Amino acid sequence: MKLSRKTVALIVLGGALAVGLAACAPSATTAPVPAAKATTDLRPAVGGERKFFDLPGFGQVAYYVDTRGGDGQGGGRPLVLTPSVNAAASAYEMKPVWDAYVGTRPVYALEWPGFGSSARPDTQYTKELMTRSLTALVERIGQDVDVVGLSLGSEFTARAALSEPRIRSLALISPSGLGAPRGGTQEANAEDGGQKLYDRLNAVSTPLYAALRLRPSIEYFLSRSFRGPVDGGLVDYALETTRQPGAKYAPVYFISGQLFTNDAYGDLYSKLTIPVIVLYDQDGFVSFDRLQQFTQQEGVKAVRIEGTDGLPQFEKMPEVKGALDAFWAGLK
């Protein structure tokens, strides 16, 4: 289906209006579905073996694993990759990083609950649920790990690191939460509106999501994260993952702002005591107003990957790998 630029703009505007209306939506009261099954019809997002574990109170969470190390025996500290959260999020967003490190150290890639090959039940999606899925994976690995987070996924990785001592370092790619404290459209406000606004958003989520998952819409949103041409493989996979059963449920919580932390810097990043590297340049969706303040903390550094717009791993992976390698080489 071919859409005009005007139609795409209207779809984008509709999504923006949905974000605004949902700003004061409270948490949903839908009961969890503990028996929710994984999405197994979706082709793998990255190489390696796709596995699943049961997350109590939710259902099956998917992850990918390749335990080959540089010595062929799985040597080296495991690396855990976590994607962002959006209408079409999946581990494919971390594929360039996966491909760069597989075979040199054990690599894992998590699929957040409600996204990718993980279960997608009609249940409540929260930042605590996302964090719990990461800590559960680290527990399964059973040893110290280095974690790479992307965009909003960085907030979940930081939250997990505050309670999971086996997370020994964080690499945050274009992380959200380093701008001014939210309080507008990116944070649900239970004091202003009540359940009716959430119900209204949920009621229109099917046609809204149907519009957002069209190729022109996906290409438009991804174009805001690419300085050059949008990666075709990422577009194709986004189209596939958004067409899986239950694909709309978790994005409703993302659009409503309930997956963001109001003051991620104050509540999460500023409390980290492990080594952290931030890779950034420009980003159409987040700002880095407090990045300089963050780098004043002991063990925190930032590297600018110039000429990128939020997904530097797709456009300048050699520079990303160089920064990561130098960071990890300096760890004790």
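Which side chains does a polar contact of 2.8 Å join? They are those of aspartate 66 and arginine 68, and the first view starts there. This is a predicted model, where local features need pLDDT of at least 70, side-chain atom pairs count only at pLDDT 80 or more, and totals for chains, interfaces and linings use all residues. Residues are numbered from 1 along each chain as its sequence is written, and side-chain values use heavy atoms, with hydrogens and water left out.

**View 1. Aspartate 66 and its surroundings.** Look for aspartate 66 in strand 2 (residues 59–66); strands here are DSSP runs of E, at least two residues, and helices are runs of H or I, at least four residues, both numbered from the N terminus. Aspartate 66 counts as buried because its relative accessibility is 11%, and buried means under 20% relative accessible area, with a 1.4 Å probe and protein chains only. The link from aspartate 66 to arginine 68 is a polar contact, that is, a pair of N or O atoms within 3.5 Å, one able to donate a hydrogen and the other to accept it. Setting aside neighbours within four places in sequence, aspartate 66 is also in contact with Gly48, Trp98, Val102, Arg105, Pro106 and Val107; contact means heavy atoms within 4.5 Å.

**View 2. Helix 4 under cover.** Helix 4 spans residues 152–161, and 9 of its 10 residues are buried. Among them are Leu152, Phe156 and Ala161. Their cover includes strands 3 (79–82), 5 (145–150) and 6 (167–173), along with helices 3 (127–141), 9 (249–256) and 10 (264–267).

**View 3. Helix 3 meets helix 4.** These two helices pack at about 65°, their axes 9 Å apart; axes are lines fitted to C-alpha atoms over the stretch in contact, and angles run from 0 to 180 degrees between N-to-C directions. The crossing of helix 3 and helix 4 is right-handed, meaning the near helix is turned clockwise from the far one by less than a right angle. Helix 3 brings Lys127, Glu128, Met130, Thr131, Leu134 and Thr135 to the contact, and helix 4 brings Phe156, Thr157, Arg159 and Ala160.

**View 4. Helix 7 meets helix 8.** Helix 7 (residues 215–223) and helix 8 (residues 232–241) have axes that come within 10 Å and cross at roughly 130°. That makes helix 7 oblique to helix 8, oblique being any angle outside under 35 degrees, 65 to 115 and over 145. Arg215, Ile218, Glu219 and Leu222 of helix 7 touch Leu234, Val235, Asp236, Ala238 and Leu239 of helix 8.

Notes. Buried < 20%, exposed > 50% of the residue type's maximum accessible area, 1.4 Å probe, protein only.
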